[in-house]
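The following exercises concern a ligand site and a strand pairing. Please work through each task before reading its solution.

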Amino acid sequence: MTTKPEPVQIAQLLAEFEEKINAEIKIEPSDWMPDAYRQHLIRQISQHAHSEVIGMQPEGNWISRAPSLRSKKILLAKIQDEGGHGLYLYSAAETLGVSREQYIEWLHQGKAKYASVFNYPALNWADIGAIGWLVDGAAIVNQVSLQRTSYGPYSRAMVRICKEESFHQRQGYEIMWRMMQGTKDQQMMAQDAIDRWWWPALMMFGPHDSDSPRTSNAMRWKIKRETNDVLREKFINKTVPQAELIGLKIPDPNLKKISDEHYAHGDINWEEFNQVINGNGPCNQERLEHHIRAHREGEWVREAAFHSDLRKQ
Ligand code: FAQ
């Protein structure tokens with residue numbers, strides 16, 4: 001049984017923890033860590049894991065309607081990758097002392113969030129392009145930064161995830177590029193998709209830094225390495241030239257080039273963002289109900305896997 005450390009010991013442990021953070025030494029599961037750091041990670045990593053898994057739903061709807069065998073195979077592989085990312089992240093989150101069952105229960109009870117962007121519908125094939133290009137594109141910008149996060153298991157999960165995510169972004173961009181080479185109707189579909197996905201993709205980075213209650217601790221503990229606004233700007237500066245290259249227009253009347261690689265842009269509809277993260281987006285209910293149903297229907301699979309594992313021991 002471990003005994004609770006005395007206040008003097010805690011001060012010493014805290015000093016050692018901060019020393020490691022300052023020296024860029026990763027914090028590992030068996031290391032002492034302040035409870036607030038642990039709780040912050042439990043929340044962020046599990047929300048990240050839920051996002052990967054719930055994020056399979058908008059694209060999953062299109063597997064049976066992909067326009068060619070090639071695009072079906074690519075989409076299947078991509079969605080399977082997202083499920084795998086969820087598994088890496090749940091495993092990383094479990095090292096913090098909370099079970100996967102508990103994380104799923106918090107999701108089903110509406111106590112855990114997942115990325116707002118997955119509460120929008122994928123209406124047609126162009127949306128699959130927009131999701132890969134913009135949603136995975138935004139996710140990569142964030143995740144590349146998170147590779148340097150201070151918690152070892154999270155950082156290592158990010159390194160693996162980023163390798164796959166850049167392929168996802170490219171498959172989405174390829175779909176958009178092909179549609180822009182196609183008929184007038186296909187070009188209009190591609191433009192309509194970017195019109196609907198641009199702003200939700202920008203919302204993925206979270207509120208402005210000045211309105212982000214979690215950023216201060218996250219930056220101090222090097223959980224986040226760059227702030228929400230810095231990452232959002234990076235994404236905009238990288239993505240606008242990609243849109244222009246294939247003839248798509250960014251749906252922001254205030255977008256303006258201010259230097260070679262920088263753009264000024266209009267602001268997000270924060271009222272819409274708050275509605276979506278509080279459960280009132282177009283598909284929140286549908287996404288959660290689907291997850292609950294799939295989880296219930298998959299119970300026998302988990303049980304069979306568990307018992308076959310026991311037999312091996
Ligand atoms: N959606 O103080 P902050 C992917 C919440 S992976 C929902 O700024 P923080 C791959 C936030 O949780 C995409 N909630 O918080 C893929 C907090 O609420 P809480 C997922 C949001 O943590 C592609 C409150 O607002 N990526 O897409 C959002 O410092 C295609 C205040 O916010 C990650 O999760 C939002 N957009 O910054 C899969 C990356 N923004 O918890 C399938 C890891 C904010 O206090 C298909 N996470 N909130 O109740 C992070 O980097 C951060 O957690 C942020 C939020 C940036 C999401």
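**Exercise 1.** Determine how far a polar side-chain atom of Ser 212 lies from an oxygen atom of the ligand.

*Solution.* The distance is 2.7 Å for Ser 212, within the limit for a polar contact (a pair of N or O atoms within 3.5 Å). Next, take Lys 113: an N or O atom of its side chain is 2.5 Å from a ligand oxygen. Finally, Asn 142 places a polar side-chain atom 3.0 Å from an oxygen atom of the ligand. The protein buries 92% of the 1100 Å² that the ligand exposes when taken alone (Shrake-Rupley areas, 1.4 Å probe).

The model is predicted: local features require pLDDT of at least 70 and side-chain atom pairs pLDDT 80 or more, while totals for chains, interfaces and linings use all residues. Numbering starts from 1 along each chain as its sequence is written, and side-chain values use heavy atoms, without hydrogens and water.

**Exercise 2.** Describe the residues around the ligand by class and by element.

*Solution.* First, the shell divides into 14 nonpolar, eleven polar and ten charged residues; Gly counts as polar, and Asp, Glu, Lys and Arg as charged. Second, the elements giving two or more residues to this shell include helix H2 (35-54), helix H6 (125-146) and helix H7 (152-180) (helices are DSSP runs, H or I, of at least four residues).

**Exercise 3.** Establish how S1 and S2 are joined.

*Solution.* Strands S1 (residues 256-259) and S2 (residues 262-264) run antiparallel and are joined by three bridges; pairing requires at least two DSSP bridges, and a strand is an E run of at least two residues. Within this pair, Lys 257 stands opposite Tyr 263 in S2. A hairpin through two residues connects S1 to S2.

Methods: Polar contact = N/O pair within 3.5 Å; in protein donor to acceptor, adjacent residues only side chain to side chain.
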